[in-house]
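Please look over the sequence and the model shown below. The paragraphs that follow go through some of its features in turn.

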Amino acid sequence: MSIIDMIETDRLVLRSWCEDDIVPFSKMNSDKEVMEYLPKCLSLEETVQFYNRIVAEHDRFGYGLYAVETKSSGSFIGYVGFHNFDFDAEFSPGVEIGWRLAKEYWGHGYATEAAKACLDFAFRRKLFDKIYSFTSIGNHRSERVMQKIGMKHQGFFQHPSLPDGHRLKEHTLYKLELSETYQ
């Protein structure tokens, strides 16, 4: 059961997912620019599987990756929120904050606005004490969002889910201690 119905900002609504999100989600996941720093574009079937994992994580933890829409149009623009990860790394297991927006919504500050609202929500609800974010080297747009929301660079790591020699293997890692940030 979800612990929120929605999180609102001045311009955005972060909400639970619905089946109507699948088509625009799939369009976003099949866009080569959106997926540039991810291993591959996703088919409709892979997007449905991802959607189901997102919904299951919400059901299990009461939080997760939220569907994001603009207040002005009600259009689905992507997701922002939390994901519990457990892969072979020194800082694992943990919770990451992440985002993916359709490219027509880039450059408007939406990812930063939504991520800040998520962090504030997590702190007020005492969901966790620290949060991570990571991306492949070269994804400067995402790294800039990490910096804007107050995260501190921790270093680099080789993502264990990717094979040696993969162009996206090296990742940059950021962390935020919520208890220190929201005193």
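Helices and strands here are DSSP runs, numbered from the N terminus, with at least four residues for a helix and at least two for a strand. The model is a predicted one. With that numbering, Lys126 falls in the loop between α3 (110–125) and β6 (130–136). Its backbone is worth a look, for Lys126 has a positive phi of about 55 degrees although it is not a glycine. Most residues other than glycine have a negative phi, and most peptide bonds are trans. Lys126 is also exposed, because its relative accessibility is 69% and the exposed class begins over 50%. The side chain of Lys126 lies over the face of Phe123, at 5.7 Å from the ring centre.

A second backbone feature is the peptide bond that joins Ser92 and Pro93, which is cis, with omega about 0 degrees. Pro93 belongs to the loop between β4 and β5 (94–101).

The next topic is the aromatic rings. A pair of aromatic rings is described by the distance of the centres and the angle of the planes. The model has 25 aromatic pairs. One of them is formed by Trp17 and Tyr79, with 6.4 Å from centre to centre and 50 degrees between the planes, and this pair is tilted. Trp17 sits in the loop between β2 (12–15) and α1 (22–29), while Tyr79 is in strand β4 (residues 76–85), so the pair ties together parts that are 62 residues apart in sequence. Are these two residues buried or exposed? Trp17 has a relative accessible area of 10% and is buried. Tyr79 is buried as well, at 6% relative accessibility.

Another pair is made by Phe25 and Phe50. Their ring centres are 5.4 Å apart and their planes stand at 40 degrees, so this pair is tilted. Phe25 lies in helix α1 and Phe50 in helix α2 (residues 44–61), and the pair thus links distant parts of the chain, 25 residues apart. Phe25 is buried, at 0% relative accessibility, and Phe50 is buried with a relative accessible area of 14%. These residues belong to a wider group: ring pairs link Trp17, Phe25, Phe50, Tyr51, Phe76 and Tyr79 into a cluster.

Cysteines can be followed in a similar way. A disulfide is a covalent bond between the sulfur atoms of two cysteines. How many disulfides does the model have? The count is zero. For Cys18, the closest cysteine sulfur is that of Cys118, 17 Å away, which is too far for a bond because the two sulfur atoms of a disulfide must be within 2.5 Å. Cys118 is likewise in no disulfide. Cys18 is partly exposed, with a relative accessible area of 31%, whereas Cys118 is buried, at 0%.

The last topic is empty space. Rolling a probe the size of a water molecule over the atoms shows where empty space is left. The largest pocket has a volume of about 1400 Å³. Its lining is made up of 50 residues, and Leu38, Tyr79, Glu96, Trp99 and Arg100 lie nearest the centre of the pocket. Tyr79 is thus found both in the ring cluster and in this lining. At least two lining residues come from each of α2, β4, β5, α3, β6 and α4 (140–148). Sorted by class, the lining of the largest pocket holds 24 nonpolar, 15 polar and eleven charged residues.

Conventions
Residues numbered from 1 in each chain as written. Predicted model: local features only at pLDDT ≥ 70, side-chain atom pairs only at ≥ 80, totals over all residues. Heavy atoms only, no water. Phe/Tyr/Trp six-rings, centres within 6.5 Å; stacked < 30°, edge-to-face > 60°. Buried < 20%, exposed > 50% of the residue type's maximum accessible area, 1.4 Å probe, protein only. Lys NZ or Arg CZ within 6 Å of the ring centre and 35° of its normal. 1 Å grid on protein atoms, 1.4 Å probe; cavity = no way out; pocket = protein on both sides within 12 Å on 5 of 7 lines; lining within 4 Å. Points joined across faces, edges and corners; volume = space filled by probe spheres on them. Nonpolar A, V, L, I, M, F, W, Y, C, P; charged D, E, K, R; others polar.
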